[in-house]
Amino acid sequence: MSTRRRGARKPLAGLLVACVALALAAAPAAAAGWGKPFQFQKPGTLDAIAPQLAFASGGASTAAFGTLQVDIPGTAQAQYSQRSADGHVAAVRNVPGARRILAMSYDGPRLELLAGTSGRLQDCCSAVEAVRVGSGGRPQRPRKLVPNLAGFTQGALETLAGGRMMAAVATERGVWVSQSARADRFAKDRRISPNRQVPVSMDAAWLGASNSIVAWTAGSGNVTGATVPNRIWVATGSAKHAPAHAKVAIAVPSGHRIDQVALARAHAGATLAWIESWYDKHGAYHSRVMVSDIVKHPSPRPLSPSGRIASGLSLGGDASGDQGAVWESCTAAGSCTVQGAGRPGGGRFSGVKTLGAIDPTQQPSLAIAPSGQLVAGWARGGHPVASVGFGKPKVLSRTIYAYAVTVAYGPKHVALAAWDQGTLHPSVVASAYRAR
């Protein structure tokens, strides 16, 4: 969510198959292809929090992660490590008082973190703060954005034009937004979800200029008696105000539920993708990826094939409206693969392509370059693997203990894949890609 999506449009063939002009990595003189794995975080004795990645406009990058003891509440510690454009990895830094980094985004060379905090012996999150990272890599004094939270918390942080940023936060009690001015001063938070909603899944996207959009799915009622989430709500914002005036964009049939929602910039407006599940009259379970542009009269259509169970959706788009989606597709017997589809700006999604096997407990990650090129990453047999342009997957490391693989695209044809590695002594490892 932190990776910017800007660039010139590419035709569908270049988006899906001939994306070999993708890129990344270490020093400009490095060899083409995926590089040798390196560590963002050295092996330790604590459990690892799944990594996130973000790129600066000049090619520097940041990996956000953390440590915790899973059986002891309140032990999570948010951390990050920065990597220069020439491949130098800085020391790991703690975010004081933060349990998790919910999202992060660069405004040019400046990094902003959206951090979740909580009280002693409490899991995240009771509040969300914005933390600017200074030029020396040190976290600056936090600014509280949303207080008085409870339960599992989701966050999104989008960089808009003119130095503005939009933060969105969702918990089981609502969805809040806050937008900053050029001076990096966030306004007072505003709740945009209707009363008595129980948000389940949330996403946000930058729509160009200072325009933004937030989407979420929710049931009604209180936390203990919520109804099945069968609607997707959206709210849009501009340079003058943060997203507001929530409305229903998608409603699924009775008996169906929305398990996950994803959002991406489109050629004109935005596109929603979601996991929709239901039981038929014979008691058989169904789950499919659905997609629709946000228009006055939407026409949702299935993206994934029938007869399989879809989960772990990842959707991305660039400034020209080129889009890609990947998800985990499993049989009832538990055999799982990664599937994906691409879409050129102003066009339609292509036919689904199967990219390869994925470990059943893992989810794929997708990133799109400013030029519309795609890269997907996931874990297969404990190996981190990546597919450039929906081509043949490449094993990135010999390890058989990789999980939580994530990918990101940067400027100047650069990309990164990062993952947690190890069980007794987990670490955060990554590999950089450079186009041939």
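This passage describes a pocket, a sheet and the disulfides of a predicted model.

The second largest pocket of the predicted model has a volume of about 330 Å³, and its lining is made up of 21 residues. Of these lining residues, Q82, G134, S135, G136 and G137 lie nearest the centre of the pocket. Three strands are named as elements that give two or more residues to this lining, namely β5, which spans residues 77-83, β8, which spans 110-117, and β9, which spans 127-133. The contribution of β5 is the greatest, with 3 residues given to the lining of the second largest pocket. When the lining is sorted by class, 9 residues are nonpolar and 8 are polar, while 4 are charged.

Two of the strands that contribute to this pocket, β8 and β9, also belong to an open sheet of 4 strands, in which the order is β7-β8-β9-β10 and the pairing is antiparallel. The edges of this sheet are formed by β7 (98-107) and β10 (143-146), and because each of them has a single partner strand, one side of each is left without a neighbour in the sheet. From one strand to the next, the twist of the sheet averages 30 degrees. Strands of a sheet are paired through hydrogen bonds of the backbone, in either a parallel or an antiparallel manner. In the case of β9 and β10, which run antiparallel, 3 bridges join the two strands. Within the sheet, V128 stands opposite V146, a residue of β10.

With regard to covalent links between cysteines, the count comes to 2 disulfides, taking as the rule that a disulfide is a pair of cysteine sulfur atoms within 2.5 Å. One of them joins C124 to C125, with a distance of 1.6 Å from S to S. This link of C124 and C125 is right-handed, with 70 degrees about the S-S bond, and both C124 and C125 are buried. The other joins C330 to C336, for which the distance from S to S is 2.0 Å. The link of C330 and C336 is likewise right-handed, with 110 degrees about the S-S bond, and burial is again found for both cysteines, C330 and C336. If the bonded cysteines of the protein are numbered in sequence order, the pairing of the disulfides reads 1-2, 3-4.

Definitions and conventions
Residues are numbered from 1 along each chain as its sequence is written. This is a predicted model: local features need pLDDT of at least 70, side-chain atom pairs count only at pLDDT 80 or more; totals for chains, interfaces and linings use all residues. Side-chain values use heavy atoms; hydrogens and water are left out. On a 1 Å grid over the protein atoms alone, a cavity is a set of points where a 1.4 Å probe fits but cannot get out, and a pocket is an open set with protein on both sides within 12 Å along at least five of seven lines; lining residues have an atom within 4 Å of a point. Grid points are joined across faces, edges and corners, and a volume is the space filled by probe spheres set on the points. Ala, Val, Leu, Ile, Met, Phe, Trp, Tyr, Cys and Pro count as nonpolar, Asp, Glu, Lys and Arg as charged, and the others, Gly among them, as polar. Two strands pair if DSSP finds at least two bridges between them. Axes are lines fitted to C-alpha atoms, for helices over the stretch in contact, and angles run from 0 to 180 degrees between N-to-C directions. Buried means under 20% relative accessible area, exposed over 50%, partly exposed in between (1.4 Å probe, protein chains only).
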